[in-house]
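Student: Before we discuss this protein, may I see its sequence and structure together? I should then like to put some questions about its architecture and packing.

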Amino acid sequence: MCKKKGEPAKAKERGKNISLWGGIALILNNLTGPGLVVLGASYQGGGWVSSSLVVIIVGILSILGCGMLARVMAHVRGNDHFQGSIEYTNICKAVFPTWLYYCIMIAFLLFFQFSNISQIV
């Protein structure tokens, strides 16, 4: 949770035990997600140039978004060196008004539900 002004964030309870290659595999899996199933069909239907260009553009946008999220996490009080356990929901609660926080959390949970459904179907 985000702390009040002046209170440092608690240290992480869990240690970092994911190797570099394990982290890369997780990132690639999260980037492609359920879209990996139709990636071959998109290359076949749209051609390799346009499909590759879209994948590269989406990858660059994803990198920029992750960089911005990491920067916001570093600016939470007491988390200058990422020693606290600050997550996406904590950031939303600290930054947005209550009504917008609830709207974002509902959209966030719906996204995960739709993602799970698309992976099942």
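**Cysteines, helices and packing**

Tutor: A search of the whole structure, which is a predicted model, finds zero disulfides.

Student: Is C92 buried or exposed?

Tutor: The cut-off for a buried residue is a relative accessible area under 20%. C92 has a relative accessibility of 3%, whereas C103, at 44%, is partly exposed. By that cut-off, C92 is therefore buried.

Student: Which residues of helix α4 are buried, and against which helices do they pack?

Tutor: Helix α4 spans residues 88-95. Its buried residues are N90, I91 and C92. These buried residues of α4 pack against α3 and α5.

Student: What is the relative accessible area of N90?

Tutor: N90 is located in helix α4. Its C-alpha atom is separated by 9.6 Å from that of V76, and the two residues are 14 residues apart along the chain. N90 counts as buried because its relative accessible area falls under 20%; the value is 10%.

Student: What pattern does the protein follow along the sequence?

Tutor: The protein has five helices and zero strands. Read along the sequence, the pattern is accordingly written with helices, as α-α-α-α-α.

Student: How are α2 and α3 oriented to each other?

Tutor: Two packed helices are described by the angle between their axes and the distance between the axes. For helix α2 (residues 36-46) and helix α3 (residues 48-74), the axes are 7 Å apart and the angle is about 135°. Angles over 145 degrees count as roughly antiparallel and those from 65 to 115 as roughly perpendicular. The angle of about 135° fits neither range, so α2 and α3 are oblique to each other.

Student: Which residues make that contact, and how many of them are charged?

Tutor: From α2, the contact is made by L39, S42, Y43 and G46. From α3, W48, S50, S51, S52 and V55 take part. The residues of this contact divide into four nonpolar and five polar, and the number charged is zero: no charged residue is included.

Student: How many aromatic pairs are there, and which residues form the aromatic cluster?

Tutor: Rings count as a pair if their centres lie within 6.5 Å. By this rule, the count comes to four aromatic pairs. One aromatic cluster is formed by Y88, F108, F111 and F112.

Student: Why is the pair of F108 and F112 classed as it is?

Tutor: F108 and F112 both lie in helix α5 (residues 98-120), four residues apart, about one turn of the helix. In an α-helix, residues three or four places apart point the same way, because there are 3.6 residues a turn. The ring centres of F108 and F112 are 4.8 Å apart. Their planes stand at 80°, over the limit of 60 degrees, so the pair is edge-to-face.

Student: What are the relative accessibilities of F108 and F112?

Tutor: Residues between the limits of 20% and 50% count as partly exposed. F108 and F112 both belong to this class. The value for F108 is 25%, and that for F112 is 41%.

Student: How far apart in space are V72 and Y88, C-alpha to C-alpha?

Tutor: V72 is found in helix α3 and, at 36% relative accessibility, is partly exposed. V72 and Y88 are 16 residues apart in sequence. In space, their C-alpha to C-alpha distance is 9.8 Å.

Student: What share of the residues in the protein is buried?

Tutor: The protein has 121 residues. Buried residues, those under 20% relative accessible area, make up 12%.

Technical notes:
Residues are numbered from 1 along each chain as its sequence is written. This is a predicted model: local features need pLDDT of at least 70, side-chain atom pairs count only at pLDDT 80 or more; totals for chains, interfaces and linings use all residues. Side-chain values use heavy atoms; hydrogens and water are left out. Axes are lines fitted to C-alpha atoms, for helices over the stretch in contact, and angles run from 0 to 180 degrees between N-to-C directions. Helices (H or I, at least four residues) and strands (E, at least two) are DSSP runs, numbered from the N terminus. Angles under 35 degrees count as roughly parallel, over 145 as roughly antiparallel, 65 to 115 as roughly perpendicular and the rest as oblique. Contact means heavy atoms within 4.5 Å. Ala, Val, Leu, Ile, Met, Phe, Trp, Tyr, Cys and Pro count as nonpolar, Asp, Glu, Lys and Arg as charged, and the others, Gly among them, as polar. Rings of Phe, Tyr and Trp (its six-membered ring) pair if their centres lie within 6.5 Å; planes under 30 degrees apart count as stacked, over 60 as edge-to-face and the rest as tilted. Buried means under 20% relative accessible area, exposed over 50%, partly exposed in between (1.4 Å probe, protein chains only). A disulfide is a pair of cysteine sulfur atoms within 2.5 Å.
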